[in-house]
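Ready to get to know a new structure by working through some exercises? Have a look at the model first, then try each task before reading its solution.

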Amino acid sequence: MKILEKRALRGPNYWSNLRHQLIVMRVDLEEMEKYPSNTIPGFPERMEKLIPSLHEHRCSRGYEGGFLERLREGTWMGHVMEHVALELQILSGMQCGFGRCTWDGEEGIYSVVFSYEEERAGFYAAEAAFEIVRAMLAGKSYDLEKDIQTLREIREEERFGPSTASIVQEARKRHIPVLRLNRYSLVQLGWGKYQQRIQATVTGRTSSIGLEIAFDKEETKNMLHNNGCPVPYGLVVHSAEEVESAAIRVGFPVVVKPVDGHHGQGATINVQNPENALAAFEAAREYSSRVIVEKCIKGSDFRLLVINYKLAAAAKRVPAHVTGNGRSSIQELIKEVNQDPRRGYGHEKMLTEITVDDMTRRLLELEGLSLDSVLPQGRVLYLKTTANLSTGGVSEDVTDTVHSYNVFLAERVARIIDLDVCGIDVIAPSLTEPLSETGGAIIEVNGAPGFRMHLSPVAGQPRNVAEPVLDMLFPLDHPGRIPIISVTGTNGKTTTTRLIAHIMHMSGKKVGYTTTDGIYIQNRLLYKGDCSGPDSARFVLRDPTVDYAVFETARGGMMRAGLGYDLSDVGVVTNVASDHLGLYGIHTLEQLTRLKSLVAENIQPLGYAVLNADDDYVYSMQENVSCNTAFFSMNAGNPRIKKHCASGGTAAVYEEGNIILRKGDWSMLVDRVINIPLTYFGKAAFQVQNVLAACLAAFIQEVKVEEIRLGLQTFAPSSAQLPGRMNIFEFEKFKVLIDYAHNPSSMEAMGRFVSSLGMGVSTAILAGTGDRRDKDLHDYGRVAAEYFDRIIVWEDQDYARGRDSMKVMQLIQEGVSSSSKNTRVLSILDEDDAVDHALQEAVPEAIICIFTGRIEAMTAKIKSLREKELDLIIAREDIPNISPELRM
């Protein structure tokens, strides 16, 4: 067996609209294709012994033990890997329950599909599952605990912390999109110009000056003191020589902590004598060259959380600690505390396991203790200097008991430091009375306070503190989303996408759009190349200047990684025809329809699926959509259109040379096709279809008909506006057409168009792509032969994609020969040589059609040749000047 590839899906996908995070591992079972699990002696028993919890897997049986029944009765190894990969993640604390294993249509090739929480953990689980199955087949031992611990570590490294996770969860609950911008806690909430960013609990609105002040404990204390807020008396020291005098002046007991520290790092509390003060200074100096020695305030440790300058929560915090019983060592007491089922590794549970670190050892040393020491009955020993939950501390919610004066004080402190999300640490006997009366004090202000203590207190009411953060970032009049139009289909995607983007631009939108040509932001090309996948879509959604997005959504990107968005406002499907079949397990038109229907099925409930009523496969997609539908047709009398409009529906039709919009029983003329450059006076029927789709998509997005008309009249199939799509270049005696047509259906559309032009001898220059089926390459040549007088086939080694390029040429030539039309066919290995030959052989009134994927290079070549011809004409006719416009 071997792994062929692994990929992560991050959006709605072929296997699930609801479960966006899936790993797809394609495996070749090789000889094991012949041996299901029940034919391998002892295999089911070894697997169950290694992972007993597989008993909980229901599989298709629907009850516990269902998968193990399948294992004993006989199932294929890909199916076993699916369940093992899921269980590995579950055992390491991640909730993953969705899985599929499907045959790819080739002998022994399967797609093992399963959900993941963290992508890197998903990939690890895939490889580990493969190795576990191999080990169990061979009867070898396997260290399962090593994989589980590795997955736990990956989980903690990759996942959001509790604070970030709570904000992300609240955003998703409100249907606000979430994009993770790095491996850490930098997150974009919302799309385009409506986006907001957070990094942990720091927002894009957080004052950088406020953060700088909060980070500097000395500056914080000075500002609060100068504004009448209670803070402990203290002094800043820079050397060991200053520590003793500062501590004596402040008065023992003291707290020693770094000026620039955070999360309690380097802090020592309740320092009772000069010797311990010096040790505490050395610990603090590891984090800052400046150290504060301040009065140790008596009382409990409280955290006041202020969001948008309003108190959101308050918690009493207790550092990690153990209580002596007179028998157990400190090490044994820690182990006992960690057995609490609420404690876990990292952030996997409400509480975190207590670990022994340098801070713990320093505290033990100050107390004259070691891990082997036995504490007397009832003695409480604090193991950390801070009460952070991440170091084993616990919290109790006290929000409802905070005195109104203390609420006022906390909100005022947030204003003084100027932090929209602010954590204020207070030491006081209680918060039920004013700090001014209890002798309590503010000891620290945090600019990126953790939320976990408020989300998961051990006592009291949990507080959804992410809610006020989202209320602040996204008030009621802030949508969080920009409109999205997604376009898919076999042919016409690029043209329809570009036309919609152009119409939206003409209507005043700041459009970002993606195509197989590149990524465009406000009509500026930022990336060249095939950008019709999900990463390109997310590129646009990350752009803060964009208020409208139009995406060409191709088959390849959907199969590789899913959609690049969760829901669109409009999904356009132009057609479904035979192309790219045989790739990624898609072998039939029915499977291709299911894939492309992702665009129609993932639309906002109030949005629209814009479907081709002339295409049976596309029309059938309406059965599974949960939004509105609108249809377009080249036949105004299409019964499907009549039925749809009779029930009040919206449609676009081609009728007697006109583009007509229909809604219910009324009709509106958009324009005559002779006024629309893209249609070439109506001769390019396939472009008329694209115009219908684009008009309809714009109309249901409430673009005025006048603006749609202007967009249609100002959009031409030129190399500038629509590169590689029906670009015609006029030479003195003949024409050259450049187009991307690369499959039988697009070749037929282009053939009909060229025939309608009434030119003389027609020549097609074409090549094939290696990842197409033999039948598709054969049909490509056959269809071309039906419409063209001469065909030149060249060898495209760049797109052979692992296949013999000469074989590709041969299949196309065989297709040409199979045509009943006596078409002349010629083989020339190099494309440039093929084009040069055709131009040299061109006769008056001829048309040479170059069907190529090298759009930019070929366009530059033809433009250069036309420029040279124009210079010769000027010289020959002694024309003094020709405007640059005519040269284009």
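**Exercise 1. Find the residue opposite Leu186 in β7, then place the pair in its sheet.**

Step 1: Leu186 stands opposite Gln199 in β7. Before going on, note that this is a predicted model, where local features need pLDDT of at least 70, side-chain atom pairs count only at pLDDT 80 or more, and totals for chains, interfaces and linings use all residues. Residues are numbered from 1 along each chain as its sequence is written, and side-chain values use heavy atoms, with hydrogens and water left out.

Step 2: Strand β6 (residues 186-189) and strand β7 (residues 196-199) run antiparallel and are joined by four bridges. Strands (E, at least two residues) and helices (H or I, at least four) are DSSP runs, numbered from the N terminus, and two strands pair if DSSP finds at least two bridges between them.

Step 3: Now zoom out to an open sheet of four strands, ordered β5-β6-β7-β8 with antiparallel pairing. β5 (178-180) and β8 (202-203) each have a single partner strand, so one side of each lacks a neighbour in the sheet.

**Exercise 2. Work out what links β31 and β32.**

Step 1: Six bridges hold strand β31 (residues 658-663) and strand β32 (residues 666-672) together, running antiparallel. For example, Asn658 has Arg672 as its bridge partner in β32.

Step 2: The two strands form a hairpin with two residues between them, and Gly664 in the turn has a positive phi of about 65°.

**Exercise 3. Decide how α7 and α8 are oriented to each other.**

Step 1: Get the geometry. The axes of helix α7 (residues 208-215) and helix α8 (residues 217-226) come within 5 Å and cross at roughly 105°. Axes here are lines fitted to C-alpha atoms, for helices over the stretch in contact, with angles running from 0 to 180 degrees between N-to-C directions.

Step 2: Name the arrangement: α7 is roughly perpendicular to α8. The scale is under 35 degrees for roughly parallel, over 145 for roughly antiparallel, 65 to 115 for roughly perpendicular, and oblique for the rest.

Step 3: Spot the contact (heavy atoms within 4.5 Å). Ile213, Ala214 and Phe215 of α7 meet Lys217, Glu219, Thr220 and Met223 of α8.

**Exercise 4. Now do it for α25 and α26.**

Step 1: Helix α25 (residues 744-756) packs against helix α26 (residues 774-787) at an angle of about 5°, with the axes 9 Å apart.

Step 2: That makes α25 roughly parallel to α26. Among the residues making the contact are Met747 and Gly751 of α25 and Tyr780 and Val783 of α26.

**Exercise 5. Check whether the length of α13 agrees with its expected span.**

Step 1: The expected span of a helix is 1.5 Å times one less than its number of residues. For the 14 residues of α13 (residues 404-417) that should be 20 Å, and the end C-alpha atoms are 20 Å apart, so the two agree.

Step 2: Look just past the helix, where Asp418 follows with a positive phi, near 70°.

**Exercise 6. Is Thr495 buried or exposed?**

Step 1: Locate Thr495 in helix α17 (residues 493-506).

Step 2: Thr495 has 4% relative accessibility, so it counts as buried. Buried means under 20% relative accessible area, exposed over 50%, and partly exposed in between (1.4 Å probe, protein chains only).

Step 3: Not counting residues up to four places away in sequence, Thr495 touches Leu678, Gln687, Asn690, Leu722 and Arg725.
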